[in-house]
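Please work through the following exercises with the sequence and the 3D structure at hand. Each exercise sets a task and then gives a solution in steps.

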Amino acid sequence: MFFERPDSGELAVLVHLEFPQHTDPDDPREFEELVLSAGGDPVDFVTGQRSTPHARYFVGTGKLEQLKQCVQLHQAELVIFNHNLSPSQERNLEHELKCRVLDRTGLILDIFAQRARTHEGKLQVELAQLRHMSTRLIRGWTHLERQKGGIGLRGPGETQLETDRRLLRVRIKSIEKRLEKVRRQRDQGRRSRRRAEVPTLSLVGYTNAGKSTLFNYITAANVYAQDQLFATLDPTMRRIQLPSIGAAVLADTVGFISHLPHRLVEAFRATLEEAASADVLLHVIDAAAEERSRNIEQVEQVLKEIGASELPQLRVYNKIDLLDEPNPRIDRDDQGMPVAVWLSAHSGEGVELLFDAVAELLGQEWVQKTLYLQPDQARLRAKLYASNAVNGEQYADNGTIELDINIQKTDLLRILSQEQLEFDALSWQA
């Protein structure tokens, strides 16, 4: 954008190197899925191994010659690295390969730019792109790089490169202010839900784990859900009614990925704060994925970055319909509390177990009984209705009011305290 580059194309040569000292290497298969999600057409996959990256080209000179031959053979217009390149490495490679070069961060940013639909999502992607771009302005606009004098050439006393950087800083500050406003609005919404005592459940997990499919099944929403990486980018929230819980808010969030660029974590902080402030995190896991354990570790790492690692968490092992022996169940710890639920969001098997486990995790003891009230206890009846605790009502011949109650016991005890009544002193039927 800021220096002369060939037009980008769809045909792409992929590059993945192994470094023995890296304890957590990127998955080549996941890298290919990322390229496909971006709309790329991989025509060749170049792999290799080095002890350390080459300072000038990242790959060695021999591998560079191999890349040149691949680009010429397939007439590829794009070379994508499954690594983060420095700005100078990116420019040196483009100069040698005569085509556009993209690193892992640039690839993920491109996918995010395609997926953004809401105004907030587009702002967050633009912020991440500008921060990434600000490091790649060196040696651009070479024909205007020096300050010049003379008629019509006197300017503000800065090079074109300095002007570009200044304009980028101005735009970044503008977007940050607008996202700060979004952050305050979201925080206000969270405070309102806390005052109304509506619990928030946030779906988090590795990309393509099935979060949006589960979200659609529970909420009957029509959120975009596809078998591709980063199908969901914009956060979606729905108010739902869950059995034995009542009203709750369910949030669907952007998927995580290994080595998620820090710029994206920063740009999407307003969105990720929805996860950090949830009452319960539903960590959705692809039960059939070969890299299941590694994906769980990557999600835990991102949760730690956004300050959500200490929140109550329930692991949701999704896609059990792809396992040899699908068995919906709840796994519990030594204290008997639920720690994991095995289900299929595609078929709906085991989703009711998820509701039961969430009710237990919220630490809420619910009263689901029939309460018999006398005519002179109308004030208590009115307060129960105001708390949305009454599911049904009948009148007996003697004037007794029969109320079918469904309410948290802590809320019921608070109401009874206001009326100076004792729980055991009332007439109940299970």
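The exercises below concern a predicted model and treat its sheets, helices, loops and salt bridges in turn.

**Exercise 1. The parallel sheet**

Task: Determine in what order the four strands of the open sheet stand, and which are the edge strands.

Solution.
Step 1. Trace the pairing across the sheet: the order is β2-β1-β3-β4, and the pairing is parallel.
Step 2. Look for strands that pair on one side only: these are β2 (41-49) and β4 (100-102), the edge strands.
Step 3. Follow the twist, which averages 20° from one strand to the next.
Step 4. Examine one pair in detail. Strand β1 (residues 11-18) is joined to β2 by eight bridges, and the two run parallel. Within this pair, Leu11 stands opposite Asp41 of β2.

**Exercise 2. Helices across the sheet**

Task: State which strands helix α1 and helix α3 lie across, and give the angle of each helix to the strand chosen for comparison.

Solution.
Step 1. Locate helix α1 at residues 28-37; β1, β2 and β3 (78-81) are the strands across which it lies.
Step 2. Compare directions: helix α1 runs at about 150° to β2.
Step 3. Repeat for helix α3 (residues 87-97), which lies across β3 and β4. Its angle to β4 is about 145°.

**Exercise 3. Strand β7 and its partners**

Task: Establish how strand β7 pairs with β5 and with β6, and whether its residues are buried or exposed.

Solution.
Step 1. Take β5 (residues 200-205): four bridges join this strand to β7, and the two run parallel. Leu203 stands opposite Asp252 in β7.
Step 2. Take β6 (residues 236-242): seven bridges link this strand to β7, and here the two run antiparallel. Arg238 stands opposite Leu250 in β7.
Step 3. Assess burial, for which the cut-off is under 20% relative accessible area. Seven of the seven residues of β7 (residues 246-252) are buried, so the strand is largely enclosed by the rest of the structure.

**Exercise 4. The surroundings of Gln313**

Task: Identify the strand that holds Gln313 and the residue whose side chain makes a polar contact with the side chain of Gln313.

Solution.
Step 1. Place the residue: Gln313 belongs to strand β9 (residues 313-318).
Step 2. List its neighbours, leaving out residues up to four places away in sequence: Gln313 touches Leu281, His283, Glu300, Leu303 and Leu361.
Step 3. Search for a polar contact: the side chains of Gln313 and His283 make one at 3.1 Å.

**Exercise 5. Helix α5**

Task: Compare the span of helix α5 with the expected value, and name its buried residues.

Solution.
Step 1. Helix α5 (residues 119-133) has 15 residues and reaches 21 Å from its first C-alpha to its last.
Step 2. This is close to the 21 Å expected at 1.5 Å a residue.
Step 3. The buried residues of α5 are Glu120, Gly121, Leu123, Gln124, Val125, Leu127, Ala128, Leu130 and His132.

**Exercise 6. Positive phi values**

Task: Find where Asn208 and Gln420 are placed, and give their phi values.

Solution.
Step 1. Asn208 is in the loop between β5 and α7 (211-219). Its phi is near 70°, a positive value in a residue other than glycine.
Step 2. Gln420 is in the loop between α13 (409-418) and β15 (427-429). Although Gln420 is not a glycine, its phi is positive, at about 55°.
Step 3. Gln420 has a relative accessible area of 74%, so it is exposed.

**Exercise 7. Salt bridges**

Task: State how many salt bridges there are, and which parts are tied together by Lys68 with Glu96 and by Arg131 with Glu176.

Solution.
Step 1. With a cut-off of 4 Å between side-chain nitrogen and carboxyl oxygen, the count comes to 13 salt bridges.
Step 2. The side chains of Lys68 and Glu96 meet at 3.0 Å, N to O. Lys68 lies in helix α2 (residues 61-74) and Glu96 in helix α3, so the pair ties together parts that are 28 residues apart in sequence.
Step 3. In the salt bridge of Arg131 with Glu176, the closest N and O atoms are 2.6 Å apart. Arg131 lies in helix α5 and Glu176 in helix α6 (residues 160-195), so this pair ties together parts that are 45 residues apart in sequence.
Step 4. Check accessibility: Arg131 is partly exposed at 22%, and Glu176 is partly exposed at 33%.

Methods:
Residues numbered from 1 in each chain as written. Predicted model: local features only at pLDDT ≥ 70, side-chain atom pairs only at ≥ 80, totals over all residues. Heavy atoms only, no water. Pairing = 2+ DSSP bridges. Axes fitted to C-alpha atoms, helices over the stretch in contact; angles between N-to-C directions. Contact = heavy atoms within 4.5 Å. Buried < 20%, exposed > 50% of the residue type's maximum accessible area, 1.4 Å probe, protein only. Polar contact = N/O pair within 3.5 Å; in protein donor to acceptor, adjacent residues only side chain to side chain. Expected span 1.5 Å × (residues − 1).
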